[in-house]
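Biologist: I would like to learn how to read a metal site in a model. Where should we begin?

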Amino acid sequence: MNIAPRGFLECTGGPGAPLALLGVPFDGTCSYRPGARFGPAAVRDASWSLETYSPDLGADLDGPAVADLGDLELPPGSTERVLAAVADAAREVAGRGQRLVALGGEHLVTLPLVRVAAEQHPDLTLVAFDAHADLRDAYLGEPLSHATVIRRCAEILGPGRIRQFGVRSGTREEFAWMRDRGSLGPATAEGVREALAGGTGPLYLTVDVDVFDPGFLPGTGTPEPGGLDWRGFSACLGAVLGSGRPVMGADVVELSPPWDPSGASAVLAAKVVREILVGLQGLAGA
Ligand code: MN
Ligand code: MN
């Protein structure tokens with residue numbers, strides 16, 4: 001009898017696995033079009049169209065190294081309670097000694113994940129791939145939004161511990177913030193290498209999938225022309241993984257499956273997740 005597997009591509013790890021994968025199906029603050037709550041399920045489905053082998057990293061996904069925990073059940077209607085639930089889950093995973101890779105959901109879910117990672121690692125640097133700066137102080141009066149998430153993270157980590165790549169949309173004030181603090185680097189392998197060589201300490205990686213060009217990934221809430229292709233992203237990710245600075249946690253956010261009936265966006269997001277898992281399992285095993 002063959003039973004169809006569930007969860008992300010051959011991830012069969014238990015509580016002792018070094019990596020944990022957790023879905024956070026929340027899209028309560030999306031400014032343009034919701035749907036990111038369906039991201040985790042779509043990524044898991046699409047993952048089965050991929051091979052476990054990553055040609056770019058030269059390694060297979062080590063299924064037993066990754067525990068797919070499923071999706072968090074989140075209370076509807078209260079952003080604060082959702083963020084508290086995400087932080088509680090992240091602390092529980094950290095307490096088991098696992099590194100967490102989260103599947104969004106919208107980008108605001110990164111805030112509690114970074115908060116908990118910084119509790120463990122006070123010298124943490126946030127590495128963000130995103131078409132948008134996400135540096136507003138408030139969005140329509142709301143300080144907790146996917147448009148403010150990097151600003152809130154900077155308040156936790158300190159502005160010198162933010163590194164941004166792929167940003168091509170933001171207000172004049174947001175671009176001035178990035179210029180004044182030197183947080184924005186070119187989305188190339190060389191740019192990433194240089195930016196990460198300029199600091200010390202562990203990293204947290206957040207990938208807002210709208211960093212890809214909408215031609216490759218239309219299934220996102222706030223598509224922005226002029227983005228990366230797979231080659232460009234993979235080169236940047238390789239530079240992060242090869243920086244010599246450990247990646248203590250990661251998330252892949254803002255996939256919104258309803259906006260791409262072809263399903264290609266979900267496959268691309270799943271491939272990003274596979275590459276991150278393959279990259280982190282190597283670091284975790286080191
Ligand atoms: Mn974002
Ligand atoms: Mn974005």
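Modeller: This model is predicted. Begin with a residue shared by two metals: Asp130 bridges the manganese ion (ligand 1) and the manganese ion (ligand 2), and these ions lie 3.2 Å apart.

Biologist: Which parts of the chain does the pair of Asp130 and Asp208 link?

Modeller: The two residues are 78 residues apart and link distant parts of the chain. Asp130 sits in the loop between strand S6 (125-129) and helix H4 (149-157), while Asp208 belongs to strand S9 (residues 203-208).

Biologist: Which protein donors does the manganese ion (ligand 1) have?

Modeller: A donor here is an N, O or S atom within 2.8 Å of the metal. For the manganese ion (ligand 1), the protein donors are His107 (ND1), Asp130 (OD), Asp134 (OD) and Asp208 (OD), at 2.1 to 2.2 Å from the ion. Read along the chain, their spacing is H-x22-D-x3-D-x73-D.

Biologist: Are Asp130 and Asp208 buried or exposed?

Modeller: Buried means under 20% relative accessible area. Asp130 and Asp208 are both buried. Across the protein chain, buried residues make up 55% of the 286 residues.

Biologist: How does the radius of gyration of the protein chain agree with that of a compact globule?

Modeller: Compare the value with what the chain length predicts. A compact globule of 286 residues would have a radius of gyration near 19 Å, and the protein chain has 17 Å, which agrees.

Biologist: What share of the contacts join residues at least 24 apart?

Modeller: Taking contacts in the protein chain between residues at least 6 apart in sequence, 79% join residues at least 24 apart. The secondary structure of the chain comes to eight helices and ten strands.

Technical notes: Residues are numbered from 1 along each chain as its sequence is written. Chains are lettered from A and ligands numbered from 1 in the order in which they are written. This is a predicted model: local features need pLDDT of at least 70, side-chain atom pairs count only at pLDDT 80 or more; totals for chains, interfaces and linings use all residues. Side-chain values use heavy atoms; hydrogens and water are left out. Helices (H or I, at least four residues) and strands (E, at least two) are DSSP runs, numbered from the N terminus. The radius of gyration is taken over C-alpha atoms; the globule rule is 2.2 Å times the number of residues to the power 0.38. Buried means under 20% relative accessible area, exposed over 50%, partly exposed in between (1.4 Å probe, protein chains only). Contact means heavy atoms within 4.5 Å.
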